[in-house]
Amino acid sequence: MKKLTLLIILGFSAMSAHAEVKDTISDMTKGLVKFTKEISSGVTEGFKEGRSATESSDGSIVVTNEKETLEYIDIDLLSLSPKKDSNQTVVELSFKNRHHKPVKITGLSEEGALLTIDKDGFSHTLSNGLQIEFIVPNEAAKKYAFTFYGDASQVKQVRVWRKTYEVKD
(Lines give C-alpha, C1' and ligand atoms only; values in the text may rest on other atoms or scores of the structure.)
Protein backbone atom coordinates (compact mmCIF):
# COMPACT_ATOMS: atom_id res chain seq x y z
CA MET A 1 0.00 0.00 0.00
CA LYS A 2 2.84 2.36 0.84
CA LYS A 3 4.39 1.63 -2.57
CA LEU A 4 1.10 2.42 -4.32
CA THR A 5 0.77 5.70 -2.42
CA LEU A 6 4.36 6.57 -3.28
CA LEU A 7 3.70 5.83 -6.98
CA ILE A 8 0.59 8.02 -6.97
CA ILE A 9 2.50 10.89 -5.33
CA LEU A 10 5.34 10.53 -7.85
CA GLY A 11 2.80 10.48 -10.70
CA PHE A 12 1.17 13.68 -9.51
CA SER A 13 4.60 15.30 -9.09
CA ALA A 14 5.57 14.35 -12.64
CA MET A 15 2.29 15.73 -14.02
CA SER A 16 2.78 18.94 -12.08
CA ALA A 17 6.36 19.29 -13.36
CA HIS A 18 5.12 18.62 -16.91
CA ALA A 19 2.51 21.38 -16.57
CA GLU A 20 5.13 23.80 -15.20
CA VAL A 21 7.50 23.05 -18.10
CA LYS A 22 4.68 23.57 -20.58
CA ASP A 23 3.70 26.88 -18.95
CA THR A 24 7.33 28.02 -18.86
CA ILE A 25 7.87 27.21 -22.55
CA SER A 26 4.57 28.93 -23.43
CA ASP A 27 5.58 32.08 -21.51
CA MET A 28 9.02 32.11 -23.13
CA THR A 29 7.51 31.77 -26.61
CA LYS A 30 5.02 34.60 -25.96
CA GLY A 31 7.86 36.81 -24.78
CA LEU A 32 9.99 36.00 -27.81
CA VAL A 33 7.14 36.75 -30.24
CA LYS A 34 6.38 40.06 -28.48
CA PHE A 35 10.08 40.98 -28.49
CA THR A 36 10.38 40.18 -32.21
CA LYS A 37 7.28 42.24 -33.06
CA GLU A 38 8.65 45.19 -31.10
CA ILE A 39 11.99 44.98 -32.89
CA SER A 40 10.28 44.83 -36.27
CA SER A 41 7.99 47.72 -35.40
CA GLY A 42 10.93 49.77 -34.12
CA VAL A 43 12.97 49.15 -37.26
CA THR A 44 10.03 50.16 -39.49
CA GLU A 45 9.29 53.27 -37.45
CA GLY A 46 12.95 54.25 -37.33
CA PHE A 47 13.27 53.79 -41.08
CA LYS A 48 10.26 56.06 -41.71
CA GLU A 49 11.39 58.72 -39.26
CA GLY A 50 14.96 58.65 -40.52
CA ARG A 51 13.83 58.86 -44.09
CA SER A 52 11.37 61.71 -43.57
CA ALA A 53 13.84 63.73 -41.54
CA THR A 54 16.30 63.91 -44.41
CA GLU A 55 16.56 65.13 -47.95
CA SER A 56 16.66 62.62 -50.74
CA SER A 57 19.92 62.20 -52.64
CA ASP A 58 18.38 64.30 -55.44
CA GLY A 59 17.65 67.20 -53.03
CA SER A 60 13.91 66.59 -52.71
CA ILE A 61 12.06 66.70 -49.40
CA VAL A 62 10.84 63.22 -48.42
CA VAL A 63 7.32 62.98 -46.97
CA THR A 64 5.94 59.70 -45.64
CA ASN A 65 2.57 60.53 -44.07
CA GLU A 66 -0.46 62.79 -44.27
CA LYS A 67 0.82 65.55 -41.97
CA GLU A 68 4.16 65.90 -43.76
CA THR A 69 2.59 65.71 -47.22
CA LEU A 70 -0.08 68.34 -46.58
CA GLU A 71 2.60 70.70 -45.29
CA TYR A 72 3.89 70.99 -48.88
CA ILE A 73 1.27 69.48 -51.20
CA ASP A 74 -2.35 70.23 -52.18
CA ILE A 75 -4.24 67.13 -53.33
CA ASP A 76 -7.32 67.20 -55.59
CA LEU A 77 -9.49 64.57 -57.24
CA LEU A 78 -9.34 65.12 -61.01
CA SER A 79 -11.22 62.18 -62.49
CA LEU A 80 -12.62 58.73 -61.93
CA SER A 81 -13.25 56.21 -64.70
CA PRO A 82 -13.65 52.48 -65.29
CA LYS A 83 -10.56 50.58 -66.34
CA LYS A 84 -11.17 49.06 -69.76
CA ASP A 85 -12.23 45.38 -69.78
CA SER A 86 -12.09 44.98 -65.99
CA ASN A 87 -14.05 45.57 -62.79
CA GLN A 88 -11.58 48.19 -61.63
CA THR A 89 -11.58 51.95 -61.17
CA VAL A 90 -8.91 54.41 -62.27
CA VAL A 91 -8.67 57.50 -60.06
CA GLU A 92 -6.57 60.45 -61.20
CA LEU A 93 -5.33 62.78 -58.47
CA SER A 94 -3.43 66.05 -58.68
CA PHE A 95 -0.52 66.71 -56.33
CA LYS A 96 0.43 70.41 -56.33
CA ASN A 97 3.73 71.33 -54.69
CA ARG A 98 3.67 74.76 -52.99
CA HIS A 99 7.33 74.50 -51.94
CA HIS A 100 10.50 75.74 -53.66
CA LYS A 101 12.05 72.23 -53.50
CA PRO A 102 10.83 69.00 -55.11
CA VAL A 103 8.82 66.75 -52.77
CA LYS A 104 9.14 62.95 -52.83
CA ILE A 105 5.88 61.34 -51.69
CA THR A 106 6.02 57.88 -50.13
CA GLY A 107 3.68 56.00 -47.80
CA LEU A 108 0.60 55.95 -50.03
CA SER A 109 1.00 52.17 -50.42
CA GLU A 110 0.33 51.56 -46.74
CA GLU A 111 -2.93 49.90 -45.70
CA GLY A 112 -5.76 52.43 -45.71
CA ALA A 113 -3.76 55.36 -47.13
CA LEU A 114 -5.64 55.25 -50.46
CA LEU A 115 -9.19 53.91 -50.73
CA THR A 116 -12.32 54.20 -52.78
CA ILE A 117 -15.61 53.91 -50.94
CA ASP A 118 -18.68 52.67 -52.78
CA LYS A 119 -22.31 53.73 -52.41
CA ASP A 120 -22.90 50.94 -49.88
CA GLY A 121 -20.01 52.16 -47.68
CA PHE A 122 -17.55 49.38 -48.59
CA SER A 123 -13.91 50.33 -49.12
CA HIS A 124 -11.78 49.13 -52.02
CA THR A 125 -7.99 49.03 -52.03
CA LEU A 126 -5.40 49.54 -54.72
CA SER A 127 -5.36 46.71 -57.23
CA ASN A 128 -1.59 46.33 -57.27
CA GLY A 129 0.74 45.80 -54.36
CA LEU A 130 3.45 48.01 -55.79
CA GLN A 131 5.27 50.55 -53.69
CA ILE A 132 4.05 54.04 -54.56
CA GLU A 133 6.75 56.67 -54.58
CA PHE A 134 7.01 59.71 -56.84
CA ILE A 135 8.44 63.20 -56.92
CA VAL A 136 6.39 66.34 -57.40
CA PRO A 137 8.57 69.07 -58.95
CA ASN A 138 9.03 72.32 -57.03
CA GLU A 139 6.21 74.87 -57.47
CA ALA A 140 4.41 72.59 -59.95
CA ALA A 141 1.71 69.94 -60.02
CA LYS A 142 1.78 66.30 -61.05
CA LYS A 143 -1.08 64.03 -62.07
CA TYR A 144 -0.98 60.46 -60.82
CA ALA A 145 -3.41 57.65 -61.69
CA PHE A 146 -4.22 54.89 -59.19
CA THR A 147 -6.13 51.70 -59.98
CA PHE A 148 -8.54 50.28 -57.41
CA TYR A 149 -10.66 47.15 -57.19
CA GLY A 150 -14.37 47.72 -57.68
CA ASP A 151 -16.86 49.06 -60.20
CA ALA A 152 -16.29 52.74 -61.05
CA SER A 153 -20.04 53.43 -61.32
CA GLN A 154 -20.44 52.49 -57.64
CA VAL A 155 -17.67 54.73 -56.24
CA LYS A 156 -19.01 57.50 -54.01
CA GLN A 157 -15.78 58.77 -52.40
CA VAL A 158 -12.01 58.64 -52.72
CA ARG A 159 -9.98 58.79 -49.52
CA VAL A 160 -6.37 59.92 -49.38
CA TRP A 161 -5.12 59.28 -45.87
CA ARG A 162 -7.97 60.71 -43.79
CA LYS A 163 -9.24 63.31 -46.26
CA THR A 164 -12.30 62.26 -48.25
CA TYR A 165 -13.13 63.55 -51.73
CA GLU A 166 -16.73 63.26 -52.91
CA VAL A 167 -17.25 61.91 -56.44
CA LYS A 168 -19.55 64.15 -58.44
CA ASP A 169 -22.25 62.39 -60.44
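## Salt bridges, rings and a buried asparagine

R162 has a relative accessibility of 71%, so this residue counts as exposed. That is a handy place to start a tour of this predicted model, for R162 shares a salt bridge with E66, at 2.8 Å from N to O. E66, for its part, is buried, with a relative accessible area of 14%. The two partners come from distant parts of the chain, 96 residues apart: E66 sits in helix α2 (residues 66–72), and R162 in the loop between β9 and β10.

How many salt bridges does the structure hold? There are three, and the table sets them side by side.

| Salt bridge | N to O distance | Sequence separation |
|---|---|---|
| E66 and R162 | 2.8 Å | 96 residues |
| D74 and R98 | 2.6 Å | 24 residues |
| E133 and K104 | 4.0 Å | 29 residues |

In the pair of D74 and R98, the closest N and O atoms are 2.6 Å apart. D74 belongs to strand β2 and R98 to the loop between β3 and β4, so this salt bridge ties together parts that are 24 residues apart in sequence. D74 is partly exposed, with a relative accessible area of 33%, and R98 is partly exposed too, at 42%.

E133, in the loop between β6 and β7, is linked to K104 in strand β4. Here E133 is partly exposed at 35%, whereas K104 is buried at 13%.

Now for the aromatic rings. The structure holds four aromatic pairs. One of them joins F95 and F146 edge-to-face, with 6.3 Å from centre to centre and 70° between the planes. F95 is in strand β3 and F146 in strand β8 (residues 141–149), so the pair ties together parts that are 51 residues apart in sequence. Both F95 and F146 are buried.

Why is the pair of F134 and Y144 called stacked? The planes of their rings are at 15°, with the centres 4.4 Å apart, so the pair counts as stacked; the cut-off for that is under 30 degrees. F134 lies in strand β7 (residues 134–136) and Y144 in strand β8, so parts that are ten residues apart in sequence are tied together. F134 is buried at 5% relative accessibility, while Y144 is partly exposed at 25%. F95, F134, Y144 and F146 form one aromatic cluster.

F95 and F146 also appear in the largest nonpolar core, which has 25 residues; they are among those with the most contacts inside it, together with I105, L108 and L114. Elements giving two or more residues to this core include β3, β4 (103–105), β7 and β8. F95 touches, among others, I105, L108, F134, Y144 and F146.

Strand β3 (residues 88–97) also contains N97. Is N97 buried or exposed? Its relative accessibility is 2%, so N97 counts as buried. The side chain of N97 reaches the backbone oxygen of K101 at 2.8 Å, and a polar atom of that side chain lies 3.2 Å from the backbone oxygen of V136. Among the residues that N97 touches are Y72, I73, P137 and A140.

Lastly, there is an open sheet of four strands, ordered β6-β5-β9-β10 with antiparallel pairing. β6 (123–124) and β10 (163–166) stand at its edges with a single partner strand each, so one side of each is left without a neighbour in the sheet. β5 (residues 114–118) pairs with β6 over two bridges, and I117 has S123 in β6 as its bridge partner.

Methods: Residues are numbered from 1 along each chain as its sequence is written. This is a predicted model: local features need pLDDT of at least 70, side-chain atom pairs count only at pLDDT 80 or more; totals for chains, interfaces and linings use all residues. Side-chain values use heavy atoms; hydrogens and water are left out. Buried means under 20% relative accessible area, exposed over 50%, partly exposed in between (1.4 Å probe, protein chains only). A polar contact is a pair of N or O atoms within 3.5 Å; within protein, one must be able to donate a hydrogen and the other to accept it, and residues adjacent in sequence count only if both atoms are side-chain atoms. Contact means heavy atoms within 4.5 Å. Rings of Phe, Tyr and Trp (its six-membered ring) pair if their centres lie within 6.5 Å; planes under 30 degrees apart count as stacked, over 60 as edge-to-face and the rest as tilted. Two strands pair if DSSP finds at least two bridges between them. A nonpolar core is a set of buried Ala, Val, Leu, Ile, Met, Phe, Trp, Tyr and Cys residues joined through side-chain atoms within 4.5 Å. A salt bridge is a side-chain nitrogen of Lys or Arg within 4 Å of a carboxyl oxygen of Asp or Glu. Lists of a residue's contacts leave out its neighbours within four places in sequence.
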